[in-house]
Amino acid sequence: MNPAGPEPLLQVTGLDVFYGDFQALFGVSVSVSAGRVTALVGANGAGKTTLLRTIAGAQGAASGSVRYAGADLTAAPPHQRISRGIVLVPEGRRLFPSLTVEENIQVGAAAAASADWPLDRIYGVFPMIAKRRGQRASTLSGGEQQAVAIARALAAAPSLLLLDEISLGLAPRIVAELYQTLAELRSAGATLVIVEQDLRRAMEASDDLVCLLEGRVALAAPVSAVTRDEVVAAYFGQRSPGAAT
């Protein structure tokens, strides 16, 4: 998927992942280069969340490897991956409802890999939550909660930010605001992997695209090298002449 050049920041090779007797990923290989945004797309149950969880260390792999910045992290627990800069924003936000906005963000800061994201910088990126810093998370709107979830992840100073379905269930205006923030992070050189159901938005927001189909990679290419029709064909398991693979 990536042009010839330096070693990818993240290299996932041959991942097989199971939930009990059910196999969720079959030999999945994905590479992510530093400073690029990768969209991970596919139908429900395709394995997108499982792949993110495996990269983050929340789900173990039966076989295959996860290498990050040249180091083999396949057997590393989640806290070691966070300390190396891999941070996941899970689907559903998973905030501490009784804690304030700022206290939730400070949970992420406790595991920070560096001091690159102090509170003032985070509030500058997310003005929608700056004025609510003393408010309990349970009282926030869905969009505000999602902003806090991303802010908490940024507080951990990630070099790779994994975002799972951040726009799910949110109003279009809020989604646009969140993606504007991601565009700013992208311009600043952040490395992102985004799970997104909206194919148009995913392609607009990303440099590279990986489509999963029933736990396998159906398509992996720079966004500029594929058409929407080719991505849709991969999404539904159809043949599309000329599709990049």
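Buried means under 20% relative accessible area, exposed means over 50%, and partly exposed lies in between (1.4 Å probe, protein chains only). This is a predicted model, where local features need pLDDT of at least 70, side-chain atom pairs count only at pLDDT 80 or more, and totals for chains, interfaces and linings use all residues. Residues are numbered from 1 along each chain as its sequence is written, and side-chain values use heavy atoms, with hydrogens and water left out.

**Exercise 1. Rings**

Task: Find the aromatic pair, classify its geometry, and say whether Tyr235 is buried or exposed.

Solution:
- Step 1. Apply the rule: rings of Phe, Tyr and Trp (its six-membered ring) pair if their centres lie within 6.5 Å; planes under 30 degrees apart are stacked, over 60 edge-to-face, and the rest tilted.
- Step 2. Count. The rule gives one aromatic pair.
- Step 3. Classify. Tyr235 and Phe236 are 5.0 Å apart, centre to centre, with 55 degrees between the planes, a tilted pair.
- Step 4. Check burial. Tyr235 has 15% relative accessibility, so it counts as buried. Phe236 has 54%, so it counts as exposed.

Task: Which ring lies under the charged end of Arg121?

Solution:
- Step 1. A charge sits over a ring if NZ of Lys or CZ of Arg is within 6 Å of the ring centre and within 35 degrees of the ring normal.
- Step 2. Arg121 places its charged end over the ring of Trp117, 3.6 Å from the centre.
- Step 3. Arg216 does so over Phe26, at 4.0 Å from the ring centre.

**Exercise 2. The core**

Task: Which helix gives the most residues to the largest nonpolar core?

Solution:
- Step 1. A nonpolar core is a set of buried Ala, Val, Leu, Ile, Met, Phe, Trp, Tyr and Cys residues joined through side-chain atoms within 4.5 Å. Helices (H or I, at least four residues) and strands (E, at least two) are DSSP runs, numbered from the N terminus.
- Step 2. The largest core holds 39 residues; Ile105, Phe126, Ile129, Leu161 and Leu163 have the most contacts inside it.
- Step 3. Elements supplying at least two of its residues include helix H3 (101–109), helix H6 (142–155) and strand E7 (160–164). H6 gives the most, with eight residues.
- Step 4. Take Leu163. Contact means heavy atoms within 4.5 Å. Leaving aside neighbours within four places in sequence, the partners of Leu163 include Leu52, Val89, Ile150 and Leu182.
- Step 5. Another core lies apart, with 28 residues, among them Leu25, Ala46, Leu52 and Ala71.

**Exercise 3. Helix H1 and the cavity**

Task: Why is H1 described as largely enclosed by the rest of the structure?

Solution:
- Step 1. Seven of the nine residues of H1 are buried, so the helix is largely enclosed.
- Step 2. Those buried include Leu51, Leu52 and Ile55.
- Step 3. Look past the helix end. Gly57 follows H1, and its phi is positive, near 90 degrees.

Task: How many cavities of 30 Å³ or more are there?

Solution:
- Step 1. On a 1 Å grid over the protein atoms alone, a cavity is a set of points where a 1.4 Å probe fits but cannot get out; lining residues have an atom within 4 Å of a point. Points are joined across faces, edges and corners, and a volume is the space filled by probe spheres set on them.
- Step 2. The count is one. The largest cavity has a volume of about 50 Å³.
- Step 3. Its lining includes Leu10, Val30, Thr38 and Val210. H1 gives the most to this lining, with three residues.

Terms used:
1 Å grid on protein atoms, 1.4 Å probe; cavity = no way out; pocket = protein on both sides within 12 Å on 5 of 7 lines; lining within 4 Å.
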